[in-house]
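Dear colleague,

I am passing on the structure we spoke about, with the sequence alongside. Please look through it first and then read my notes underneath.

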Amino acid sequence: MPDIRTTLRAFFQLGPLQTGDYALYKVLLHSGYLRRQTPGGPVVLEEDKTARLDTAFFPIPSRDVLRQKLGPAGLEKLVEAADEICAGQVRLFGGPPVPLSLTPPGPLKHWSEYELGRQPWGVEDVKWIWEPARFGWAYTLARAAYLTGADRFAQVFWEYTQTFLDANPPNMGPNWASAQEVALRLIALAFCGQVLAPFPSSTPERMQCLASAVAAHARRISPTLLYARAQNNNHLLSEAAGLFTAALALPGHPQASLWRRLGWHWFHRGIERQITPDGAYSQHSSNYHRLMLQISLWVQLIAQPEQMPAGTLQRLAQAARWLGTLLDPTSGHAPNLGPNDGAYIFPLTLQPFEDYRPVVQAAGIAFLNNPLAGAGYWDEMVEWLAGPQLAALDNHEHAVDAEGFDQAGRSPIVLRSPDSNSWAYLRAASFHSRPGHADQLHLDLWWQGENIALDPGTYLYNAPQPWDNALCHAAVHNTVTVDGKDQMTRAGRFLYLDWARAQVLTREQADDGSWERVSAEHDGYRRLGLVHRRTVTCRAHEWIVDDWLLPAGGKRPARHQMELHWQLPDRPWKIEHDSGLIRLQVSFPAGLAVLEISMLDSEEAGPSVHSADKQAAPHLQVIRAGKIIHGHGTAPETWGWFSPVYGQRRPGRAILVSFTGVAPLGLRSRWILTPSKEGTAL
């Protein structure tokens, strides 16, 4: 339990609305009120016998158009994916195939028992139970059935759905503990119910059972909407979308009008509060940003012809631009920014989890009237989620230049080399909502489709120490730390307090476009009398990153340890190290990347600051998978890893350079990128 000081700090930093809603939710939970509002039991058909599933509540794209988009090879790939699911295998979080299990472990208790901590989840990380129960695999079965006309895919959907309903009665077990999980499953059930309605295996009895299940899911969401409001993140958007979906899918249900009002109101309220005017999302995460756009695409699709408010559309247009700016043009990937729990709620595509083009393309068309990527397999999602808007476009072949999104230095800060072979993202946020990672002034560097200086990702939220959401600290990001301290105060698994705030100081570019430079700083170490300033300069084949710890706050000069971290993939490498220069060579498919790290003279910090003593020579460590492979000393077990998708970790190479002195303290990192035709193999 947090102490009273931490609780008070959370109250003032998160604000009275969020903390008040959360406190009230806890009172209702502990009092038993929420248990009485959501009684457990089987799906009762008679209770909802007047409700019928509307099998035309959203537009379904033309089968011929979808087949044309996929082509014979794409259709074959889709059938292979559906056959894999029919064989009982499913790919969770974009990982390898694992057995599909829809039956949670242990005896089932009311969902509130799990929330109160009285009933164990049965696994270390409940997300391994929740993910298959989101029914993401069901979209693949529905698409395969629709495009091939094969009833066997529909039959498997119904069999798996009945297995789930039998093993997870409403409000009983871990799959009912989170209303967000309930909402995402509700949407999947309603989607598949409409797409599969014409098939022989979709009998009237099964369709009625599905309608009753959708109603049971909606009844679970509304009593705990208070918790989603307290979170003020994707929980609120997902649950609001779930209620709105239930209202349109079950228009004859007695509670349909209530669900519609609640869903519509809180979805738009959430968009207003969670997306900043420049398009950044409140959860500070590429993956959650994508999830938010997918939810929004779905709500706009089913709301037709109801008009989306202009304010909502403006925020969503900026949000589409924001994510489009971070899209790597070669791979379709994006920086692994912030928490990444592997969510992909509408997998209406053949592209892998890491490919952001399907959602960016659909969001660009729906909210900007412009596609943001070239044509490809990812356009299948466009047909499903943005079909009405796509039909109104005149020039679908035109792709908007992502560089044009970054206006007047606003976020995200992306720099692109003059030859367009490399680009970088500098993380500089002024937080208005709680961050999930301490990553101010982190730099992501990309070269011809490969992330050569990368964000470590997330790995697992719940795991034995030291892996309990361990990749959120500043120390594992491509930034600077001081004296081994984090940029902010970690007050819980998902809670940082004392937010470090960054600001862009300057941004300039040569008239001929031969170089660009941006400088920013953050105040996360002001308590130590320091600020961290980073200046990034890009040229055709060179990136220069200057890091300074500068005195601030009027504190007396003191000795501090400056620690610079770079996270690289696990590639062939060699290193040269003397007292003045560290030179690391790393081989990539694009060629040879050379990272040179040297100390900066304190006089370069400017005439207003000076160092009080000489600085010690820098200390170098290279860590791979928690073990030091160059240098000496000790290293945390969690360093030298990265997680491309949730639940997976891979060895990487963490480069840590540190030295001690009195501010100003400075280090220069110089990246030299030599294409393979010019480079030398290691």
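Below is what I found, from the overall build to the cores and one of the sheets.

Please keep in mind throughout that this is a predicted model. The protein contains 17 helices and 22 strands, and its C-alpha trace spans about 80 × 60 × 45 Å along the principal axes. The radius of gyration is 26 Å, which agrees with the value near 26 Å that a compact globule would have with 682 residues. Buried residues account for 60% of the 682, and of the contacts between residues at least 6 apart in sequence, 71% join residues at least 24 apart.

As to the interior, the largest nonpolar core comprises 141 residues, and those with the most contacts inside it are W137, F157, F191 and W298. Helix α9 (residues 179–196) supplies the largest share of this core, namely twelve residues. If its neighbours within four places in sequence are left aside, F191 is in contact with F58, Y139, A142, W298, L348 and W384. Apart from this core lies another, of 47 residues, which includes V482, V622, I655 and W671.

Turning to the sheet, four strands form an open, antiparallel arrangement in the order β3-β4-β5-β6, with β3 (413–416) and β6 (450–453) as the edge strands, each pairing on one side only. Its neighbouring strands are turned by 25° against each other on average, direction ignored. Strand β5 (residues 443–447) pairs with β6 over three bridges in the antiparallel sense, and W447 stands opposite E450 in β6.

With best wishes

Note on methods: Residues are numbered from 1 along each chain as its sequence is written. This is a predicted model: local features need pLDDT of at least 70, side-chain atom pairs count only at pLDDT 80 or more; totals for chains, interfaces and linings use all residues. Side-chain values use heavy atoms; hydrogens and water are left out. A nonpolar core is a set of buried Ala, Val, Leu, Ile, Met, Phe, Trp, Tyr and Cys residues joined through side-chain atoms within 4.5 Å. Buried means under 20% relative accessible area, exposed over 50%, partly exposed in between (1.4 Å probe, protein chains only). Helices (H or I, at least four residues) and strands (E, at least two) are DSSP runs, numbered from the N terminus. Contact means heavy atoms within 4.5 Å. Two strands pair if DSSP finds at least two bridges between them. Axes are lines fitted to C-alpha atoms, for helices over the stretch in contact, and angles run from 0 to 180 degrees between N-to-C directions. The radius of gyration is taken over C-alpha atoms; the globule rule is 2.2 Å times the number of residues to the power 0.38.
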